[in-house]
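Dear colleague,

I am handing over the structure we spoke about, and below it you will find my notes on what turned up in it. Please read them with the coordinates open.

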Amino acid sequence: MVSDLFDANPTTFIPVYYHLGTSVAYKPWCTTRFDFYGVTLMPYMWWDGWLDGSYTYADWNADLAARQAVPTDMTIGMSSTILVDQLVVDADVCVEAGGTTKDVRVYFVVILDHYPDDATYYRNAFRQVYTQDVNVPAGDCVHLDHSFTLEALDLGRPEDVGAVVWAQDPLSSGPAEIHQAAYIIGEDTQIFHDGFESGDFSGWSEVVQ
Amino acid sequence: MRRRGDDLRGSRVLAGLTVALALAAALPAAAAERTVVGEYWTQPG
């Protein structure tokens with residue numbers, strides 16, 4: 001099950017769920033990505049925009065391991081913060097020195113974990129997207145940022161709000177390789193956590209007054 | 001005090017450093033750890 005793979009690989013794998021049909025989590029971009037890869041069946045998986053995982057979920061553990069083993073010369077550092085009704089996402093998309101200069105399409109994706117609520121194995125439902133095409137020279141970084149206006153559903157459960165950033169070959173259809181990704185889910189997206197808003201700083205390692 | 005052979009040892013050290021620097025420059029960049037994206041489609045059963 002995809003949620004099990006996510007639990008087992010919490011730092012090197014980020015699934016994004018596109019809910020179709022009559023799902024309450026449906027968004028038009030779920031169909032856009034469905035068509036981008038020419039998917040015709042469900043459930044279905046594409047790994048890194050490159051490896052067609054098809055519907056044979058028995059192979060997905062091996063598929064994930066295969067992609068994890070592919071070296072990359074890209075890095076992404078990111079941060080995300082909820083400010084009132086905005087999710088502010090910043091990312092530094094880089095190519096290591098000695099790597100290859102790349103044109104990439106950077107995707108900023110907002111997700112909502114544990115949604116819809118009718119199945120415990122639903123994770124990281126797609127909510128919003130922003131894309132920008134950039135050229136990243138070898139040994140250099142490009143800084144990008146975007147602010148999303150969150151919907152009431154997301155604002156009501158900020159602990160489940162997340163942001164994913166990935167850099168993908170800028171093609172009009174798949175396969176299109178994703179070279180690197182980064183993500184933050186939950187409390188890390190909030191400035192008002194660990195008791196900050198209540199004045200209880202016991203959960204903070206350092207407080208400067 | 002300089003001794004006979006210092007120049008030779010110095011040149012060998014310099015040559016060794018040059019080779020080490022050349023090898024370092026020829027090595028590929030250390031590969032970054034990859035975070036894999038799984039785009040997954042599903043619908044109500």
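A:Pro175, in this predicted model, lies in the loop between β9 (161-168) and β10 of chain A, and the peptide bond that leads to A:Pro175 from A:Gly174 is cis, with omega near 0°. A second cis peptide bond runs from A:Met42 to A:Pro43, with omega near -5°, and A:Pro43 is found in the loop between α2 and β2 of chain A.

Two residues that are not glycines also deserve a check of their backbone angles. A:Val84 has a positive phi of about 60° and sits in the turn of the hairpin that β4(A) and β5(A) form with two residues between them; A:Val84 counts as exposed because it has 7 C-beta neighbours inside 10 Å, where 12 or fewer is the cut-off. The two strands of that hairpin pair in the antiparallel sense over ten bridges, and A:Ser79 stands opposite A:Asp90 in β5(A). A:Asn124, with a positive phi of about 50°, is in the loop between β6 (102-112) and β7 (125-136) of chain A, and it counts as buried because it has 25 C-beta neighbours inside 10 Å, where the cut-off is 20 or more.

As for the interface, 41 residues of chain A are in contact with 16 residues of chain B. β1(A) gives the most to the side of chain A that touches chain B, with seven residues, and by class that side has 25 nonpolar, eleven polar and five charged residues. β1(A) also pairs with strand β1 (residues 36-42) of chain B in the parallel sense over seven bridges, and A:Tyr18 stands opposite B:Trp41 in β1(B).

Best regards

Definitions and conventions: Residues numbered from 1 in each chain as written. Chains lettered and ligands numbered in written order. Predicted model: local features only at pLDDT ≥ 70, side-chain atom pairs only at ≥ 80, totals over all residues. Contact = placed C-beta atoms within 7 Å. Helix = DSSP H or I, 4+ residues; strand = E, 2+ residues; numbered from the N terminus. Nonpolar A, V, L, I, M, F, W, Y, C, P; charged D, E, K, R; others polar. Pairing = 2+ DSSP bridges.
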